[in-house]
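This report describes selected local features of one protein chain, moving from single residues to the sheets around them. The sequence and the structure are shown first.

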Amino acid sequence: MTRHKPAHDIVIVGGGAGGLELATSLGNKLGRGTRARVTLIDASASHVWKPLLHEVAAGSLDSYAERLEYLAQAHWHHFRFCFGRMDGLDRTQKRVGIAPATDQNGHEIMPRRSLHYDTLVIAVGSVGNDFGIPGVAEHCIMLDTPEQARQFHRRHIDACLRAQTQAGPVAPGQITVGIVGTGATGVELAAELHDTTRELSSYGLEHIDPDKSLRLVLVGAAERVLPGLPARLSDAVAAQLHSMGIEIHNGEHVVEVRPDGMLTHTGKFIHASMMVWAAGIKAPDVLTTLGLPTNHAQQLIVRPTLQTADDAIFAFGDCAACPLPDGKGIVPARAQAAHQQARLLVKSIRCRLNHKPLPQYVYRDYGSLVALGQHSTVGTLMDRWSGNGLRVEGLWARWMYRSLHTMHLLALNGYVRTALLLLANLINTPNKPTIKLH
């Protein structure tokens, strides 16, 4: 009687852009046979591409229509999905602890569980970092999840409806959105809100004058917006934002958040009726409890092979601190890095199964793109030969910005299904409002 070797258990924690792409690819390549079992763990039942959350918050994207169900993706691509949140790790027994799941009333629907792994990949992404500043957790909304983005959108719509039906006139700046953080998320959210509020006014909320009733304020500690881009591009974006009537306060560290606004280190108080915190990121707190080395941002420290201090445990994406080839700094927390690392890990895990040396990750910067609502898209593309940044803007840049999402869809769905999805969206666009009203 022949004994079969037990399947190699590959467990991926986190179904964000990188984690879901990795699970899908490994499921397609290894999940149909008996040599490996691929399991994805996530605390949500569905996936929405995180770079789109500013559009969900502004109301220009319906997250329910955009979401992808993990169970369906697992069925189509030959991996297993486990609903739950990782809350511990037993490296001796090679088991991942999964916290009990409860419904909205606090009733337990799934008990505490644990899963065995032979290879563990941690891809839990990042969350907003409040740096311990008083009042941030109580008075600011972060855009880490679709639920948070929808929460902000509901508050914004409620504020507009309240202003529309109030007895007296709408005061100038009555609806003031303060956004802390002048990186891509903050800038894109401000520009998107500028556009969607104008759409909302045209839908019958005639008492709201978008140029007077709405006040958008960007507050950042850096000396310019988008500090990660070249200064000439940063200045061009700032000029565009000023032309849209968006206030910018550079070089201002927020030291306290109050119910009605933000206090900066210079003593300036910036009034706001709603506030969004987009001033920094860190890895989830659970990573500090695993017994693996982390950095100041709670990211797992990994080698160029993307392995942690434990050879059986990999980490990638925003939750991992991977050194750059020159040793000066770490790979930036960008979607393009997670996409590159996911592709590498497909090869790495197959090498691991075959007891071969693992490849090393080398970050390739293909540039940065920032969408300014319907006004413009600007950014840089890296010249692969010279390494210099090429400035792009306008329709060409906007097409390239949208193509980033298309690449993500291709990794999840393949060419045929992605083409059908894009065609369906094109057909349905004339029948859908440009802003979500609920």
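In this predicted model, the side chain of D42 reaches the backbone nitrogen of G15 at a distance of 2.6 Å. D42 belongs to strand β2, which covers residues 36-42. Although D42 is buried, it takes part in no salt bridge. R85 provides the nearest side chain of opposite charge, and it is 7.5 Å away, whereas a salt bridge requires the charged atoms to be within 4 Å. When neighbours within four places in sequence are left aside, the contacts of D42 include the glycines G14, G15 and G16. The other residues in contact with D42 are Y70, F81, C82, F83 and G84.

**The parallel sheet**

Strand β2 is one member of an open sheet of five strands, ordered β5-β2-β1-β11-β23, with parallel pairing. The edges are formed by β5 (80-83) and β23; each has a single partner strand, so one side of each is left without a neighbour in the sheet. From one strand to the next, the twist averages 20 degrees. Two helices pack on this sheet. Helix α1 (residues 17-30) touches β1, β2 and β11, and its direction makes about 160 degrees with that of β2. Helix α4 (residues 70-77) touches β2 and β5, and its direction makes about 160 degrees with that of β5.

Strand β11 (residues 119-122) is joined to strand β1 (residues 8-13) by four bridges, and the two run parallel. Three bridges link β11 to strand β23 (residues 313-315), again in parallel. In a regular strand the side chains alternate between the two faces of the sheet. In β11, T119 and V121 point one way, L120 and I122 point the other way, and all of them are buried. I122 is the bridge partner of V13, and I122 also stands opposite A315 in β23. V121, in turn, stands opposite F314 in β23.

**The antiparallel sheet**

Another open sheet consists of three strands in the order β6-β7-β10, with antiparallel pairing. Its edge strands are β6 (86-90) and β10 (113-116), each of which pairs on one side only. Neighbouring strands of this sheet are turned by 25 degrees against each other on average, direction ignored. Between β6 and strand β7 (residues 95-98), the antiparallel pairing extends over four bridges. M86 has I98 in β7 as its bridge partner. The hairpin of β6 and β7 has four residues between the strands, and K94 there takes a positive phi near 55 degrees.

**Two loop residues**

T305 is located in the loop between β22 (300-301) and β23. Is T305 buried or exposed? With a relative accessible area of 11%, T305 is buried, because the cut-off for that class is under 20%. Beyond its neighbours within four places in sequence, T305 is in contact with F314, L358, P359 and Q360. F314 is thus a contact of T305 and also the residue that V121 stands opposite.

K268 is found in the loop between β18 (261-264) and β19 (269-271). Its relative accessibility is 32%, so K268 counts as partly exposed. Not counting residues up to four places away in sequence, K268 touches H249, E252, M262 and L263. K268 and A312 are separated by 44 residues in sequence and, from C-alpha to C-alpha, by 50 Å in space.

The side-chain distances described for D42, T305 and K268 are set out below.

| Side chain of | Partner | Distance |
|---|---|---|
| D42 | backbone nitrogen of G15 | 2.6 Å |
| T305 | side chain of Q307 | 2.8 Å |
| K268 | side chain of E252 | 3.5 Å |

The entries for T305 and Q307 and for K268 and E252 are polar contacts between side chains. E252 is also among the residues that K268 touches.

Terms used:
Residues are numbered from 1 along each chain as its sequence is written. This is a predicted model: local features need pLDDT of at least 70, side-chain atom pairs count only at pLDDT 80 or more; totals for chains, interfaces and linings use all residues. Side-chain values use heavy atoms; hydrogens and water are left out. Buried means under 20% relative accessible area, exposed over 50%, partly exposed in between (1.4 Å probe, protein chains only). Lys and Arg count as positive and Asp and Glu as negative; His and the chain ends are not counted. A polar contact is a pair of N or O atoms within 3.5 Å; within protein, one must be able to donate a hydrogen and the other to accept it, and residues adjacent in sequence count only if both atoms are side-chain atoms. Contact means heavy atoms within 4.5 Å. Two strands pair if DSSP finds at least two bridges between them. Axes are lines fitted to C-alpha atoms, for helices over the stretch in contact, and angles run from 0 to 180 degrees between N-to-C directions.
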